[in-house]
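Here is a short briefing on one structure. It covers the ligand site, the nonpolar cores and the cysteines.

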Amino acid sequence: MDERTFKRSNQHASVIGLGTWQLGADWGDVDEREALAVLEAAAESGVTFFDTADVYGDGRSERIIAGFLAGRPDPRVTVATKMGRRVEQIPQNYVLGNFREWNDRSRRNLGVDVIDLVQLHCPPTPVYSSDEVFDALDTLVEEERITAYGVSVETCAEALTAIARPNVASVQIILNPFRMKPLREVLPAAREAGVGVIARVPLASGLLTGKYTRDTVFAADDHRTFNRHGEAFDQGETFSGVDFATGVEAAAEFSALVPEGYTPAQLALRWIARQPGVTTVIPGARSPEQARANSEAARLPELSEETLTAIGDLYDRRVREQVEGRW
Ligand SMILES: NC(=O)c1ccc[n+]([C@@H]2O[C@H](COP(=O)([O-])OP(=O)(O)OC[C@H]3O[C@@H](n4cnc5c(N)ncnc54)[C@H](OP(=O)(O)O)[C@@H]3O)[C@@H](O)[C@H]2O)c1
């Protein structure tokens, strides 16, 4: 699989990575054996970039990744975790003392002395404008607790503020055929500055696979049941912020655009990966089959102009109005 580089930190990532929120919690039950099988399938398909967070299953996702990597050390692998959502998300909590404590816990969970990449996990907006916060992150690098740091953001405005900081190595943002706003300013700015872009929620929480109907029911402990209207965390994280009924209809139209040899999920992933400025795309997978199929998207033929235009047109007609004003 093709690899790309985070220029500021000189770290590498497979163009399709793996999101591991599913291996923690909030997506119904994924038992440990299945979680390891997902990691195995991804790694065997060429995935070298794994995204996790200290809060996914309160550390379970980090610990499962550690167990997996312990059995197969590979210098090409980059593990990115996140910190900052195990306490109340108020600016006063984003201080060096807390960073060290959170970092100690993640290093224990991941079984490493130095974490490859740590991301602030969607902090409150004022945090992005605080010199003290970024000085504290620089201190974590100086103390050799982390190799590099980045941010995971909700909005394009937050991404642009973070990109202007000199030592931010990566920005993680929602980007998919139902969330195109980052194409206009964020991707060009990141490219110009040499900041890597990690594209998350690439399948709009599964919507873009085209497999759900208006009657699909998700488990009670799946955020696609309990966070549809932003009840537990930012609404944008669930179905990319698109209302479910609209999303199902738009996904049916998206499925009709799929070229031969592609699935709808692979079309979405390929579309994201080809956007200039994207470093890695991190679909979440709940089974080894999903992980393998997602990696395969990196090897499929280039998309035609006709398909690209039709995807843009679908977004403009069905989705743009619901998401652009907010994120
Ligand atoms: N704030 C943050 O920083 C933040 C927030 C959200 C996500 N993330 C990261 O981004 C990653 C990806 O986002 P996400 O997991 O929320 O959403 P996603 O990747 O858009 O969607 C994941 C879902 O898509 C379905 N799926 C995946 N591959 C498939 C395939 N090949 N065929 C059919 N269905 C497939 C599965 O749904 P079913 O379960 O229905 O099978 C899976 O649970 C996360 O795992 C996490 O690492 C970070």
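A polar side-chain atom of R224 lies 3.0 Å from an oxygen atom of the ligand, a polar contact (a pair of N or O atoms within 3.5 Å). The model is predicted: local features need pLDDT of at least 70, side-chain atom pairs count only at pLDDT 80 or more, and totals for chains, interfaces and linings use all residues. Residues are numbered from 1 along each chain as its sequence is written, and side-chain values use heavy atoms, without hydrogens and water.

**Ligand site**
- Y212 places a polar side-chain atom 2.6 Å from a ligand oxygen atom.
- A204 contributes a backbone N or O atom, 3.2 Å from an oxygen atom of the ligand.
- The protein buries 93% of the 890 Å² that the ligand exposes when taken alone (Shrake-Rupley method, 1.4 Å probe).

**Nonpolar cores**
- The largest nonpolar core (buried Ala, Val, Leu, Ile, Met, Phe, Trp, Tyr and Cys joined through side-chain atoms within 4.5 Å) holds 88 residues.
- Buried means under 20% relative accessible area (1.4 Å probe, protein chains only).
- F50, F99, L120, L137, V171 and F178 touch the most other members of this core.
- Another core, of 9 residues, lies apart from it; A80, L117, A148 and I282 are among them.

**Cysteines**
- The whole structure has 0 disulfides (pairs of cysteine sulfur atoms within 2.5 Å).
- Why is C156 without a bond to C122? Their sulfurs are 13 Å apart, too far for one.
- C122 counts as buried because its relative accessibility is 8%.
- C156 is buried too, at 9%.

Technical notes
Buried means under 20% relative accessible area, exposed over 50%, partly exposed in between (1.4 Å probe, protein chains only). A polar contact is a pair of N or O atoms within 3.5 Å; within protein, one must be able to donate a hydrogen and the other to accept it, and residues adjacent in sequence count only if both atoms are side-chain atoms.
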